[in-house]
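Visitor: I should like to learn how to read the features of a structural model. May we take them one at a time?

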Amino acid sequence: MNIHNMLTLYPAMGYCVPMVINPPELGALEAYKLATSLIVPRPIAWVGSRSKSGVDNLAPFSFFMGVSTQPPSIAISVARGRGGALKDTAVNILATGHFTVSLVSFSHLDAMVSSSLPWPPDVSEFEAVEIPAVAADTVLAPRPAEALATMECRLVHQHDMGSTHLLVGEVSRYHFDPAVIRIDEKGHRVVDLGVLDPIARLGGADYCRIGEVFSAKAQK
Ligand SMILES: Cc1cc2nc3c(=O)[nH]c(=O)nc-3n(C[C@H](O)[C@H](O)[C@H](O)COP(=O)(O)O)c2cc1C
């Protein structure tokens, strides 16, 4: 049976006819709206970096994922800004190889959103939004003092994908507010989500917090 026969049989089988969208048909905004409302919820990397001339920068990025635990590594994707220019975060990380990634707690929502405004390169978001900064220990980059969890990162891979830069960082140090770490039933240090209270990005200007949590284990 070919795909066309399958599609015409679908309604009879009680299924909807699938809607097909081919990415080349989409304009840039439509492609952005579709992908950012589909790939959800996304954790938010609040990225601290420093320019070559010493200006501290802070901006959020939700195209963010963990890629490895040994060594601990994370990836962020920094799209090009208006006119195809690199955003300050990408300029700084590509120039210095250093950055910090903090998780965003609900209590930091307003500061995080304000730090996403397109502040000029010579303006530090830390000063513009009045977010206290502290210097990282192992990398030349700032971190928000009030963040409950931060990873200090060194750039280990970069991939220019045209419209975006994929940047992979290896974690050289974690910083936790002690209240965020609890010991689980097997004695491992894990993050207490109730304390961290992380927010995640959905489509548009929507966000969510952790809701119902349930466990599932594969049965042998
Ligand atoms: C919650 C949130 C998530 C964002 N995620 C991304 C992202 O994944 N990639 C990106 O290029 N921009 C993202 N942005 C937009 C950047 O934060 C914004 O362009 C910012 O001005 C970049 O700052 P910079 O020029 O100082 O690097 C996001 C904004 C918000 C509010």
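Visitor: In which sense do S6 and S9 pair, and over how many bridges?

Guide: One looks at the bridges that join two strands and at the direction in which the strands run. In this predicted model, S6 and S9 are antiparallel and are joined over five bridges. One bridge pairs Ser102 with Thr150 in S9.

Visitor: What is the strand order of the open sheet of seven strands?

Guide: The order is read from one edge to the other. Here it is S3-S2-S6-S9-S10-S5-S4, with antiparallel pairing. The edges are formed by S3 and strand S4 (64–69), each of which pairs on one side only. On average, neighbouring strands in this sheet are turned by 35° against each other, direction ignored.

Visitor: Which strands does H3 touch where it packs on the sheet?

Guide: H3 touches S2, S3, S5, S6, S9 and S10, and its direction makes about 55° with that of S2.

Visitor: Why is one side of S1 and of S14 left without a neighbour in the sheet?

Guide: Position within the strand order supplies the reason. The open sheet of three strands has the order S1-S13-S14, with antiparallel pairing. Strand S1 (42–43) and strand S14 (207–209) stand at its edges and have a single partner strand each, so one side of each lacks a neighbour in the sheet. S1 is joined to strand S13 (residues 199–201) by two bridges, and Pro43 stands opposite Ala200 in S13.

Visitor: How many residues does the largest nonpolar core have, and which have the most contacts inside it?

Guide: In soluble globular proteins, nonpolar side chains tend to be buried together. The largest nonpolar core here has 32 residues, and those with the most contacts inside it are Ala45, Trp46, Val47, Ile76, Phe99, Val101 and Cys153. The elements giving two or more residues to this core include strand S2 (45–50), strand S6 (98–103), helix H4 (109–114) and strand S9 (149–160). Leaving aside neighbours within four places in sequence, the contacts of Val47 include Ala59, Phe61, Ile76 and Phe99.

Visitor: Which residues come nearest to the ligand, and which element gives the largest share of the shell around the ligand?

Guide: One lists the surrounding residues and then asks where they come from. Of the 17 residues around the ligand, Ala59, Phe63, Ala79, Lys87 and Thr89 come nearest. S3 gives the largest share of the shell, four residues. Strand S3 (56–61), strand S5 (72–79) and helix H3 (88–96) each supply at least two residues. By character, the shell divides into nine nonpolar, five polar and three charged residues.

Methods. Residues are numbered from 1 along each chain as its sequence is written. This is a predicted model: local features need pLDDT of at least 70, side-chain atom pairs count only at pLDDT 80 or more; totals for chains, interfaces and linings use all residues. Two strands pair if DSSP finds at least two bridges between them. A residue is near a molecule or strand if its C-beta atom, placed from the backbone, lies within 6 Å of it. Ala, Val, Leu, Ile, Met, Phe, Trp, Tyr, Cys and Pro count as nonpolar, Asp, Glu, Lys and Arg as charged, and the others, Gly among them, as polar. A nonpolar core is a set of buried Ala, Val, Leu, Ile, Met, Phe, Trp, Tyr and Cys residues joined through C-beta atoms within 7 Å. A residue is buried if 20 or more other C-beta atoms lie within 10 Å of its own, exposed if 12 or fewer, and partly exposed in between; C-beta atoms are placed from the backbone. Two residues are in contact if their C-beta atoms, placed from the backbone, lie within 7 Å. Axes are lines fitted to C-alpha atoms, for helices over the stretch in contact, and angles run from 0 to 180 degrees between N-to-C directions.
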